Amino acid sequence: MPNFRPWSMALAAVFACLPIGCQFNWFAPTTPLREGLNPIEVRDVDGEADARNGLDKFDLFERSEQLRLASKPDVLPPVKNILCLSGGGSYGAYTAGVLVGWTQSGIRPKFDVVTGVSTGALIAPFAFLGSDYDSVLKTYYTTIRDRDVFRPRRTVRTILLATDSFADSSPMAKKIEAVITAELLEKIAAEHAAGRRLYVATTELESRREVIWDLGAIASAGKPGDLELFRNILLASSAIPGFFPPVSIPITVDGVPMQESHVDGSLNHAIYFRAPHVPAELRGESGAGGLYGSNVYVIVAGKLYPDPDRVKLRSLTIAANSVSTVLYSLARGDLARLYSTCVVTGMNYNLAAVPAAQRVDFSPTQFDPEDMTALFESGVAWSTGGASWRSTPPGLEPGEGFFLRTTTDLKLDTIGLPPVNERPRLLIPRASVRQN
């Protein structure tokens, strides 16, 4: 998921430096997790049953699919393929594995648009240029270590919170410089000229607004400093505030030179979608924007819902855990909004994320070759094993969603939601994914 635990770690790191953080003891009450139970299985079963009356989320999904299919135009427009890559630090190894395995499966399409945020922004140029760069993705997401990405700052100023970050990102900058070359920009410029688009997101620190960078246009500009700007944008998109320093990007306003500071694009959106260009003559005749039947592929570098984990009852740990919770929720909101966009336009919604059953026991800010290789191979195995892209937004699969309680007398429910074979049957089948 887009830099969830990295953000929480950065927050925790800030507060951990304060003396007050050492003044509280860890109070450990009896909790389901401490007793070996999965908290998502501890439910008010009767209350959950009542929640399925009336307006049901499965009914909403069914109606959404009916609406999407009902907008099918008489003449289908050309199929477009859009790839959206989330953030997630070292969990980007899963995204890289999915792409490499997708190539091996022989059915990976050529994407008309690629967007990326944070670690997804680092992957995006290589996903955009195609399978020739799979070896780069594998190398960078299975061999690098912490020292290849950052260096902790151990100074008095850091302890006193007088620096802009707790780590130096110059090792990452060197890695970016090694792979983002003038030759690579020429290839991106050629694809941009052919109508394909590559976008990544950053956050401008003072306005707190999301900035979307058209990297193909930058690669095509032919200006001095284009290569440096391209590299700095990628570095900025993955710069976790407080953990990594902001990246300074020079601008001019009415000819006056100024400086902006840019940080991680995940601050505003975990996943960024931008539609491909559709000629004006096709927009009115073929449905919403001429995108009916096009394919949106979203690869989440992480899980949709975090694994339950023990939390120390200290103010700093609770604050960090809460930040993580908010970011997971925001990412699911982005995915739900993108699904709504697909319903309105008639596009096919395809989602891949680290499987809920797969335990991931390392932080996205930890870069360990063994852990990342395991996650990379998991992505490869998913793509080459007859991958079935998820067509539902978050909240519809077993174990997802909220808890409804009418009592504190709870029971174990090992499913949580009805088994797949007992769910309401969709009256309209999922539309098949068309590819060029």
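The questions and answers below walk through a predicted model of one protein chain.

Reader: How many helices and strands does the protein chain have?

Author: Before looking at single residues, it helps to take the chain as a whole, which has 436 residues, 46% of them counted as buried. Among contacts between residues at least 6 apart in sequence, 80% join residues at least 24 apart. The secondary structure of this chain comes to 15 helices and twelve strands.

Reader: Are helix 4 and helix 5 roughly parallel or roughly antiparallel?

Author: Helix 4 covers residues 92-105 and helix 5 covers residues 119-129, and the two pack with their axes 10 Å apart, at an angle of about 20 degrees. Angles under 35 degrees count as roughly parallel. The crossing of the two helices is, in addition, right-handed. Because of that angle, helix 4 and helix 5 are described as roughly parallel.

Reader: How many nonpolar, polar and charged residues make up the contact of helix 4 with helix 5?

Author: From helix 4 the residues taking part are G92, T95, A96 and L99, and they meet T119, I123 and A127 of helix 5. For this count, Ala, Leu and Ile are among the nonpolar residues, whereas Gly is placed with the polar ones. Sorted in this way, the contact of helix 4 with helix 5 comprises four nonpolar, three polar and no charged residues.

Reader: Is F376 buried or exposed?

Author: F376 lies in helix 15, which spans residues 369-384. Leaving aside neighbours within four places in sequence, F376 is in contact with A93, A96, G97, V100, K138 and T142. A residue counts as buried under 20% relative accessible area. Because the relative accessible area of F376 is 2%, this residue is buried.

Reader: What distance separates the C-alpha atoms of F376 and G92?

Author: G92 belongs to helix 4 and is one of the residues that meet helix 5, whereas F376 is found in helix 15. Along the chain, F376 and G92 are 284 residues apart, yet in the model the separation of their C-alpha atoms is 8.2 Å.

Reader: Which residues does G379 touch, not counting those up to four places away in sequence?

Author: G379 is another residue of helix 15, and, with a relative accessibility of 0%, G379 counts as buried. Its C-alpha atom is 4.9 Å from that of Y94, although the two residues are 285 apart in sequence. Once residues up to four places away are set aside, G379 touches Y94, G97 and V98.

Reader: Where does S118 lie, and is this residue buried or exposed?

Author: S118 has a positive phi of about 60 degrees, although S118 is not a glycine. This residue sits in the loop between strand 3, residues 113-117, and helix 5. Because its relative accessibility is 2%, S118 counts as buried.

Reader: Which residue stands opposite V200 in strand 7?

Author: Strand 6 runs over residues 197-204 and strand 7 over residues 209-214, and the two pair in the antiparallel sense over six bridges. Within strand 7, the residue opposite V200 is W213.

Reader: Is R208 buried or exposed?

Author: R208 is found in the loop between strand 6 and strand 7, in a hairpin with four residues between the strands. Phi of R208 is near 60 degrees, a positive value in a residue other than glycine. The cut-off for exposed is over 50% relative accessible area. Because R208 has a relative accessible area of 68%, R208 is exposed.

Conventions: Residues are numbered from 1 along each chain as its sequence is written. This is a predicted model: local features need pLDDT of at least 70, side-chain atom pairs count only at pLDDT 80 or more; totals for chains, interfaces and linings use all residues. Side-chain values use heavy atoms; hydrogens and water are left out. Two strands pair if DSSP finds at least two bridges between them. Buried means under 20% relative accessible area, exposed over 50%, partly exposed in between (1.4 Å probe, protein chains only). Contact means heavy atoms within 4.5 Å. Axes are lines fitted to C-alpha atoms, for helices over the stretch in contact, and angles run from 0 to 180 degrees between N-to-C directions. Angles under 35 degrees count as roughly parallel, over 145 as roughly antiparallel, 65 to 115 as roughly perpendicular and the rest as oblique. A crossing is left-handed if the near helix is turned anticlockwise from the far one by less than a right angle, and right-handed if clockwise.
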